[in-house]
Amino acid sequence: MLPDTFHPPAPGPAQLIQAQSDTQAVLTWLAEHADKPATLAGYRKEAERLLLWLNQRRQTLAQMKREDVQDYRRFLASPHPAEQWIGPARPRSHPQWKPFTRPLSPQSVNHSLTVLGAMFSYLNDAGYLNGNPFKLLRRRGGKNQRQEVERFLDAACWQHLQDTLDALPRDTDKEIRHAERARWLFTLLYLTGARRAEAAAARASDLAKRHSNWWWNVLGKGDVTARIPLSDELMAALARYRRSLGLPAEPTSGDDTPLVCRIGAKGRREPLSDKAIYLICKEIFAQALRSAPSEELKNQLRRASTHWLRHTAASHQLEAGVPLLLVSQNLRHASIQTTRRYLHSEEDARHQASQLHKLRRRDK
């Protein structure tokens, strides 16, 4: 629940929303995204963090200045005091819930400020606020500036993850179910490059066979529909997972079983939330970290998250020789230049070519 405090709106032009407090205004903005559950959850998290921070400082949205936004940027990168703001991932209703599980990365900080800037723009248009200090932030690098993508697992690290999954305990029925689900989840995310929210929302009925080929009909980012090709290897992995649940190997059109599920009351197969998928992946990364044979692998696993599997999928497909256009289509990138950032082989070739250019010297 968002912090419920009363802050009268700033004086200004006619107000187009009925909000009489910051909390009500933010809830009105969030309601505009109610048809997109994943977006709504992300935006709510960012707005809640800001309101909690402002409450501690006894400030309102209307009182935020450029300097406050800069303070908030630094706070996101290092929430303090840590014991007040940072804690294990728990449900929002838990008495020991904290707004953060860790300090935010630079990319996550920028994302947060972008979301809050959009919120301020909306509340300005609605006449609730008279200014947007987030617009004054100097963006580091232009929109078209190429950003380095290093958030992926190299081949050695990916193999170590596979070994970790194969070594999961299987002494009880519960351990077997957990091991099979983890193995399938990593296979699904790696071979398709899907986002975790897409995997959480998927049902077996979203899979369809056309001309002997399997496809996944997915509703992706921005509510864009697409079809992801499913390889024979992935369908074999799905068959193994479904058999572990007591289901037929191939899904049918009327099969509403979640693509990744948990066993609920009375043995019901229920969907996992995208947060649960995130936590499962982090648990596997942590186990792999404990047995990693080198510091290089440990450095990758310490920073790895679910989204790294999407980056890894793109990088490994390109390294295997899959054409750039096809990888871009599979990952549903709006621009092929986004996909090109994962083409590390281009940089390797460029570096090798530089060795051919020698300093010309005259023989003495």
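Which residues of the largest nonpolar core touch the most other members? Select Leu153, Leu161, Trp184, Phe186, Trp216 and Phe285, which do so among the 48 residues of that core. A nonpolar core is a set of buried Ala, Val, Leu, Ile, Met, Phe, Trp, Tyr and Cys residues joined through side-chain atoms within 4.5 Å. Buried means under 20% relative accessible area, exposed means over 50%, and partly exposed lies in between, with a 1.4 Å probe and protein chains only.

The model is predicted, so local features need pLDDT of at least 70 and side-chain atom pairs count only at pLDDT 80 or more, while totals for chains, interfaces and linings use all residues. Residues are numbered from 1 along each chain as its sequence is written, and side-chain values use heavy atoms, with hydrogens and water left out.

**Helix H7**

Next, select residues 173-192, helix H7, which gives the largest share of this core, 8 residues. Helices (H or I, at least four residues) and strands (E, at least two) are DSSP runs, numbered from the N terminus. The expected span of a helix is 1.5 Å times one less than its number of residues. The 20 residues of H7 should therefore span 28 Å, and the end C-alpha atoms are indeed 28 Å apart. The buried residues of H7 include Glu180, Arg181, Trp184 and Phe186. Gly193, with a positive phi near 70°, follows the helix.

Within H7, select Trp184. Leaving aside neighbours within four places in sequence, Trp184 is in contact with Leu234, Ala237, Leu238, Tyr241, Leu259 and Val260; contact means heavy atoms within 4.5 Å.

**The second core and Ser112**

A second, separate core has 31 residues, including Leu50, Leu51, Tyr72 and Trp85. Now select Ser112 in helix H5, residues 106-125. Ser112 counts as buried because its relative accessibility is 0%. Apart from residues up to four places away in sequence, Ser112 touches Glu46, Tyr72 and Leu76.

**Strands E2 and E3**

Display strand E2, residues 213-219, which pairs with E3 in the antiparallel sense over 6 bridges. Two strands pair if DSSP finds at least two bridges between them. Leu219 stands opposite Thr225 in E3. Along E3, residues 225-230, the side chains alternate: Ala226, Ile228 and Leu230 point to one face and are buried, whereas Thr225, Arg227 and Pro229 point to the other and are not.

**Cysteines**

Finally, select Cys261, buried at 3% relative accessibility, and Cys281, buried at 0%. The structure holds 0 disulfides, a disulfide being a pair of cysteine sulfur atoms within 2.5 Å.
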